[in-house]
Amino acid sequence: MNRRNFLRNGMLATAAFTIIPRSVMGGKNFLAPSDKINMGIIGCGAQGRWTLAPEFAKRANLIAASDCESRQLEAMKKIIDDTTVKAFGKAYQGYKAYADYKELLDRKDIDAVIICTPDHWHAVMTIEACRAGKDVYVEKPMAHSIAEGRAMADAVAKYNRVLQVGNMQRSWKNFRQACELVRNGYIGQIKEVKVSVGNHAIPYDLKEQPVPPTLNWERWIGPAPMNPYNEELAPPMEARTFPNWRNYKEYGGGMICDWGAHMYDIAQWALGMDDSGPVEFTPPDTKELRPLTMRYANGTIMTHEPGFRKSDGNLCRFIGEDGVIDISRGIFDTIPGKIKEEAFTDKDVRLYNSEDHYNDFLNAIKTRKQPISTVEIGHRTASLCHIINLCYEFDRKLTWNPAKEEFFLDAEANRRRANPIRKPYSIEV
């Protein structure tokens, strides 16, 4: 063999050696930092098509989608193709669509799934995805009941998966800064937190309408109680609107769970209560009189008080001995005003810094480190919201043990930690 052939054959052998399946290099969880992650998306409704698919398709290989509405499923392909072409110059050629999400989960080449279905599907799909070896990005609120959230956390632990909850405000600089100011005492000891989000969920009461021929209603309902179809739950694509299933307790948790999953999440983060929650929940004196009041074990008071700052929508107000902070997606106000100009010191607590919620999840898949909004964080935030809903429904004080995750001497409330799950679906881990 001459020198030229020797070098050529040596380089080919080296190239062949370096192209090794990730499973050989590091087991089923190994993913090289240079690898582009293969993902599937379950749920092609408004949030999936308008936000999550475009965001992930420009960061990863979004190679599959599933939905029970055939027109939405078909529309998703064009969105993914267009985003992929814009980001990488060409569309992915192996994309497939599935009416049954279980077929998507069966694919061995998919590393992670995005679950952006109505709330009542989150737990079942997350647990099945974990069992199938997939990491999970799941929309907020993470779970549709306290028991479902605990089951999801158990599944993530049992199957050694990474889960990121879609509480993306944690990845926004202004929210992180506000929480760091609170956490480090820049407005003094916190006396009260006011949270302005909308109302609690109500029982389903809509009139029956014909089921569209493109919608599999049985599959849309899945593990939740069967009710007749109404377009408020699953509007036609032409409406170009978010659906209102979230207003009904069988499928969502009202605005308390929808926006509360964002704003109470920030409140918990600022207070250092990501692994806990309030211990008392007291309803208003009457149905019209606000607020509903919560108390943490350390004495801090938090309220559900919609509209306390008029026309500013969903917002958190932290009231301390030395100042006030108002924080929302469009507001960052402090009293005194100079507080938000304060420079943090080396002695201050600094919170997890995620500049990009979606990349944070993808990086966690590669490193196997915890993302900014973990399954336990998502569970605690969702649990708080569910207890607020129960407090309104029962119209009585509820005493909660965050460590044991149970109510004190309240059999009815303890039963309602879980929702009925229709067979053959299950949240068993």
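The following exchange between a colleague and a modeller goes through the sheet, helices, cysteines and backbone of a predicted model.

Modeller: Before we start, residues are numbered from 1 along each chain as its sequence is written, and side-chain values use heavy atoms, with hydrogens and water left out. The model is predicted, so local features need pLDDT of at least 70 and side-chain atom pairs count only at pLDDT 80 or more, whereas totals for chains, interfaces and linings use all residues.

Colleague: What makes E4 and E5 paired strands?

Modeller: Strands here are DSSP runs of E with at least two residues, helices are runs of H or I with at least four residues, and both are numbered from the N terminus. Two strands pair if DSSP finds at least two bridges between them. Strand E4 (residues 112-115) and strand E5 (residues 135-138) are joined by four bridges and run parallel, so by the definition they are a pair. Within that pair, Ile115 stands opposite Val138 in E5.

Colleague: Why is the sheet called open, and which strands stand at its edges?

Modeller: Six strands form the open sheet, in the order E3-E2-E1-E4-E5-E6, with parallel pairing. Strand E3 (96-98) and strand E6 (163-165) stand at the edges with a single partner strand each, and therefore one side of each has no neighbour in the sheet. From one strand to the next, the twist averages 20°.

Colleague: How do you know that E2 is paired with both E1 and E3?

Modeller: E1 and E2 are joined by five bridges in the parallel sense, and E2 and E3 by three bridges, again parallel. Asn38 stands opposite Asn61 in E2, while Ala65 stands opposite Ala97 in E3. The chain crosses from E2 through helix H4 (residues 70-88) to E3, in a right-handed β-α-β crossover. E1, helix H3 (residues 46-57) and E2 also make a right-handed β-α-β unit. The term right-handed applies if, with the strands pointing away from the viewer, the path from the first strand over the helix to the second runs clockwise.

Colleague: Which strands does helix H6 touch, and what is its direction relative to E5?

Modeller: Contact means heavy atoms within 4.5 Å, and helix H6 (residues 122-131) touches strand E1 (38-42), E4, E5 and E6. Axes are lines fitted to C-alpha atoms, for helices over the stretch in contact, and angles run from 0 to 180 degrees between N-to-C directions; the direction of H6 makes about 160° with that of E5. Helix H12 (residues 357-367) lies across E1, E4, E5 and E6, running at about 165° to E5.

Colleague: Why is Gln164 called buried?

Modeller: Buried means under 20% relative accessible area, exposed over 50%, and partly exposed in between, with a 1.4 Å probe and protein chains only. Gln164 has a relative accessible area of 0%, and is therefore buried. Gln164 lies in strand E6, and the residues it touches, not counting those up to four places away in sequence, include Tyr137, His357, Asp360 and Pro371. The C-alpha atoms of Gln164 and Pro371 are separated by 6.2 Å, although the two residues are 207 residues apart along the chain.

Colleague: How do you know that the span of helix H13 agrees with the expected value?

Modeller: The expected span of a helix is 1.5 Å times one less than its number of residues. For the 20 residues of helix H13 (residues 375-394) this should be 28 Å, and the end C-alpha atoms are 28 Å apart, so the two agree. Of the 20 residues in H13, 18 are buried, and just after the helix Asp395 takes a positive phi of about 55°.

Colleague: Why is there no disulfide between Cys257 and Cys385?

Modeller: A disulfide is a pair of cysteine sulfur atoms within 2.5 Å. The closest cysteine sulfur to that of Cys257 is in Cys385, at 5.0 Å, which is too far for a bond, and the count comes to zero disulfides. Cys257 is buried, with a relative accessible area of 1%, and Cys385 is buried, with 0%.

Colleague: What makes Arg240 exposed and Arg368 partly exposed?

Modeller: Arg240 has a relative accessible area of 59% and is therefore exposed, whereas Arg368, with 26%, is partly exposed. Arg240 has a positive phi of about 45° although it is not a glycine, and Arg368, also not a glycine, has a positive phi of about 65°.
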